[in-house]
Structure formats: C-alpha cells, structure tokens
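Subject: The structure for you to look at

Hello,

Here is the structure I promised to pass on. Have a look at it first, and then read on for what turned up.

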Amino acid sequence: MTTDLLDRSAGTDALVPRPFVVRRRIRETSDTTTLLLEPVDRTGLEFEPGQFTMIGRPGFGEVPISISGDSARPGMLEHTVRAVGDASAAIARTRRGDTLLVRGPYGRGWDVEAAAGHDVLVVAGGIGLAPLRPVVLDVLARRDLFRRAFLVVGSRTPDQLLYPRQMEQWRGRFDVDVDVTVDAADAGWRGHVGVVTDRLPRLDLDPLSTFAFLCGPEVMMRVTADALCALGVPAAQVRVSMERNMKCGVGMCGHCQLRELFVCLDGPVFGYDVVQRLMTEPEL
C-alpha cells in the first residue's frame, strides 16, 4: 500500500522540501495574507491550476495550501494563506526576505483544458477564490479558447473580499461577467447581498455547454453544484475542490481519506459526479 501511494504522488523529488524566499507580502484581510515566493535555486515550480504545495516554517510545522498564482509564471510561487492555526499563522507572519520550505506540487488540478470550447463558470466562496484564481488567470490569458466566462464571488462581508484591485481589473474587461455578493454589509455597500446561488439565474447559462469550477465551504459547493445540476449542467462538468483535512500531501497519513478516495492524491479537485453522494454522508 505504501509503494502504491508513493507511485500516485508527485514522486520522490516532490517529497524533499525546497527553500523559497518571501519576495513580497500582501495583506488581503485581517487574517489572510498573500505571499510571493521565489525559489532559492531559481528553478521555477511548474504547477497546474488547482494543485497545492506543503509549506513549512522551521519550528512551526507545515500545512497544505493551494497555489493561488499564475501557472504561466512558475518562477514566482504565490500562496494566499489564512491564519487558522499555529503553523498557518506563523507562515502568514513571515516578512520579505524570510525563508519558507516548500514541497510539491501535489494533487489533481482543475483540468481547465477540458472546458475549451465551452462556457466557463467560476463560483468562489470566501478563501475559495484563492485556489480558483489560477483558473481565472488561465481563462483570461487564453480567452479565445473559451466561450462566455462568468465569475461569481461570495464573501461574508465586503472587507473579507480577496484581491480587490485585481477584481476591479477583471470587472473592467468586456469578456468576463464578474458578480460579487456578500452575506451582510453596511449602508455603504452598493453590491448584492445574498448567497451565490441567488446569482445563478441572471447568468442565462447554456447548461450542456457549461463547465463550472467551485471552491468554498463544502455546504456552499454542494448547494451550488446541486443548483447547477438542476439547471441541466452535467455533474461531470461541475468541478469541486475538497481540500478537507489534508496533512501530509502524499496519502500516507489518511487524514483526508474520503471513503475509497484520498483527497490529496485523487483530488483535491473532483468531478461532482464522483463525490456528489459522498458529500451528503455526515460521517465521512
């Protein structure tokens, strides 16, 4: 079993941590930071949108974090980190010039290529925009390969929205429909208030020609995926990123086991047709 799991991982080279230097630190929200990392050996880390790495800070351990940068720029690794525990908080506190240890990349990505010739719908909830940002960057960079493009972003409050400047740039384009909604806001908010599924009817989707990429809290992904399937989007054309309980990144610890699946190896991105029933099981 151990050999099989290692064969399914990124290989032995990806098991060895590599030092990366923090070149830039961007404070996104009160508890979330984006780090731009450059490899010390100047060898870029090539990745597919949706993959993750294991990032560690000596003395604090390591955590799995999805890559949030541009897959066309492997020389600069980008991660958006939410401080939710000791290790992630220590990583988020790093400053320019500090060194972090990175191994990977791991996992199966979004497979954006499969959406070529189709409408693309990206639905993100909260920090879920970080793993989906590489999809948006990829689609916009190769815009002629796809039909209509939609981005629906949900957040608890306006001040929790990620990448506000880049979001405004995307809004300024004529080839992508950007829609932002929040759960709650004060009188100064001029956007929509509500959940992401409220925004789906206005998109006038062509169901059979739609590929949807979803990331956020599991309940948000499940409800959104079910709503899309009810509209006629095939479940196999709906992708979700599970990212639940990953710890080692190579299928050795079993923390992320989802019945017969290992999220770190078989995912973190899955077709909804694969995990639809599993996402309704309370004990999994």
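A word on terms before the rest: helices (H or I, at least four residues) and strands (E, at least two) are DSSP runs, numbered from the N terminus. By that rule, Pro105 belongs to strand β6, which covers residues 99–106. Please keep in mind that this is a predicted model.

**The chain as a whole**

The protein chain contains 7 helices and 15 strands. Its C-alpha trace spans about 50 × 45 × 40 Å along the principal axes. The radius of gyration is 18 Å, which agrees with the value near 19 Å that a compact globule of 284 residues would have. Of the 284 residues, 52% are buried. Among contacts between residues at least 6 apart in sequence, 72% join residues at least 24 apart. The chain exposes about 13000 Å², and carbon and sulfur atoms supply 50% of that area.

**The largest pocket**

You may want to start with the largest pocket, which has a volume of about 980 Å³. It is lined by 43 residues, and the closest to its centre are Arg82, Gly125, Ile127, Gly128 and Gly216. Two or more lining residues come from each of β4 (61–66), β5 (77–82), α2 (86–92), α3 (129–141), β8 (149–155) and α5 (218–231). Which element gives the most to this lining? That is α5, with 5 residues. By class, the lining has 19 nonpolar, 17 polar and 7 charged residues.

**The second largest pocket**

The next pocket down, the second largest, has a volume of about 350 Å³. Here 13 residues form the lining, and Arg24, Ile26, Glu28, Arg165 and Gln166 are the closest to the centre. β1 (18–27), β2 (32–39) and α4 (164–171) each supply at least two of the lining residues, and α4 gives the most, with 4. The lining of this second pocket divides into 4 nonpolar, 3 polar and 6 charged residues.

**An enclosed cavity**

Searching the whole structure gives 1 cavity of 30 Å³ or more, with a volume of about 60 Å³. Val120, Val122, Val136, Val139, Leu140, Ala149, Phe150, Leu151 and Val176 line it. β7 (119–125), α3 and β8 are the elements that give two or more residues to this lining. What classes do the lining residues of the cavity fall into? There are 9 nonpolar residues, with no polar and no charged ones.

**Two buried residues and their contacts**

Leu162 sits in the loop between β8 and α4. Is Leu162 buried or exposed? Buried means under 20% relative accessible area, and Leu162 is at 2%, so it counts as buried. Setting aside neighbours within four places in sequence, Leu162 is in contact with Glu28, Thr29, Thr32, Thr80, Gly126, Ile127, Leu129, Ala130 and Met167.

Thr33, in strand β2, is buried too, because its relative accessible area is 3%. Not counting residues up to four places away in sequence, Thr33 touches Arg25, Ile26, Arg27, Glu28, His79, Thr80, Val81 and Ala92. Glu28 and Thr80 are therefore among the contacts of Leu162 and also among those of Thr33.

**Backbone points to check**

Most residues other than glycine have a negative phi, and most peptide bonds are trans. A few places in this model depart from that pattern, and they may be worth viewing on screen.

- A cis peptide bond joins Gly104 and Pro105, with omega about 5°.
- Another cis peptide bond joins Gly267 and Pro268, with omega about 10°; Pro268 is in the loop between α6 (263–266) and β15 (269–271).
- Tyr163 is not a glycine, yet its phi is positive, about 50°. Tyr163 lies in the loop between β8 and α4 and is buried, with a relative accessible area of 5%.
- Asp204, also not a glycine, has a positive phi of about 50°. Asp204 is in the loop between β10 (192–193) and β11 (210–215) and is exposed, with a relative accessible area of 59%.

Happy to go through any of this with you.

Best wishes

Key
Residues are numbered from 1 along each chain as its sequence is written. This is a predicted model: local features need pLDDT of at least 70, side-chain atom pairs count only at pLDDT 80 or more; totals for chains, interfaces and linings use all residues. Side-chain values use heavy atoms; hydrogens and water are left out. On a 1 Å grid over the protein atoms alone, a cavity is a set of points where a 1.4 Å probe fits but cannot get out, and a pocket is an open set with protein on both sides within 12 Å along at least five of seven lines; lining residues have an atom within 4 Å of a point. Grid points are joined across faces, edges and corners, and a volume is the space filled by probe spheres set on the points. Ala, Val, Leu, Ile, Met, Phe, Trp, Tyr, Cys and Pro count as nonpolar, Asp, Glu, Lys and Arg as charged, and the others, Gly among them, as polar. Buried means under 20% relative accessible area, exposed over 50%, partly exposed in between (1.4 Å probe, protein chains only). Contact means heavy atoms within 4.5 Å. The radius of gyration is taken over C-alpha atoms; the globule rule is 2.2 Å times the number of residues to the power 0.38. Accessible areas come from the Shrake-Rupley method with a 1.4 Å probe; for residues, only the protein chains shown count as cover.
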